[in-house]
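The following paragraphs lead the reader through one structure, sheet by sheet. Please keep the sequence and the model in view while reading.

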Amino acid sequence: RVIPVLDVRLRFGLLERDYDARTCIIVVRVGAVDVGLIVDTVQEVLDVPIDHIEPVPSVGSGMDDVVAGMARSQDSVMVLLSLDRLVSLR
């Protein structure tokens, strides 16, 4: 099956980068559509309980429209993205 693929680096306006052995395509379902997200690398996959997600104040970074919240793990803070807003065509 053929699915659309989005380079997340380009979605955020970052410079293009050659794909290498660490480049990954993460397949996600947005609504009823499967979409591939090209990312530089994947370090780990975590399940984040909904009660561990906190809202994020607007910082005017240009990414505010895709940030869904933040979550803490044992040693770091993660920025959570809204898939719906990330893949929307504006």
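One open sheet consists of 3 strands in the order β4-β5-β6, with antiparallel pairing. Its edges are formed by β4 (53-54) and β6 (77-81), each of which has a single partner strand, so one side of each is left without a neighbour in the sheet. Two terms need their criteria here. Strands are DSSP runs (E, at least two residues), numbered from the N terminus, and two strands pair if DSSP finds at least two bridges between them. By this criterion, strand β5 (residues 67-72) and β6 pair in the antiparallel sense over 5 bridges. Within this pairing, V67 has L81 in β6 as its bridge partner.

The model is a predicted one, in which local features need pLDDT of at least 70 and side-chain atom pairs count only at pLDDT 80 or more, whereas totals for chains, interfaces and linings use all residues. Residues are numbered from 1 along each chain as its sequence is written, and side-chain values use heavy atoms, with hydrogens and water left out.

A further open sheet is formed by 3 strands in the order β1-β3-β2, and here the pairing is mixed. The edge strands are β1 (5-7) and β2 (24-30), each pairing on one side only. On average, neighbouring strands of this sheet are turned by 30° against each other, direction ignored; such angles run from 0 to 180 degrees between N-to-C directions, with axes fitted as lines to C-alpha atoms.

The two pairings of this sheet can be taken in turn. β1 and β3 run parallel and are joined by 3 bridges; L6 has L37 in β3 as its bridge partner. On the other side, β2 and strand β3 (residues 33-39) pair in the antiparallel sense over 7 bridges. L37 in β3 is also the bridge partner of I26, while G36 in β3 is the bridge partner of V27. The hairpin of β2 and β3 has 2 residues between the strands, and in this hairpin G31 takes a positive phi near 65°.

How many of the 7 residues of β3 are buried? The number is 6, so β3 is largely enclosed by the rest of the structure. Buried means under 20% relative accessible area, exposed means over 50%, and partly exposed lies in between (1.4 Å probe, protein chains only).

Strand β2 offers two residues for comparison with these classes. V27 lies in strand β2 and is exposed, with a relative accessible area of 53%. Together with V5 and I25, V27 forms a nonpolar patch on the surface, with about 280 Å² of accessible area. Patches are made of residues with over 30% relative accessible area and no salt bridge, nonpolar side chains being joined within 5 Å and like charges within 9 Å. A salt bridge is a side-chain nitrogen of Lys or Arg within 4 Å of a carboxyl oxygen of Asp or Glu, and accessible areas come from the Shrake-Rupley method with a 1.4 Å probe.

R29 is also found in strand β2, and R29 is exposed, with a relative accessible area of 53%. Leaving aside neighbours within four places in sequence, R29 is in contact (heavy atoms within 4.5 Å) with R1 and D34. R29 and L83 are 54 residues apart in sequence and 8.6 Å apart in space, C-alpha to C-alpha.

The loop between β3 and β4 contains P49, which counts as partly exposed at 40% relative accessibility. From C-alpha to C-alpha, P49 and V35 are 24 Å apart in space, with their positions 14 residues apart in sequence.

Note on methods:
Helices (H or I, at least four residues) and strands (E, at least two) are DSSP runs, numbered from the N terminus.
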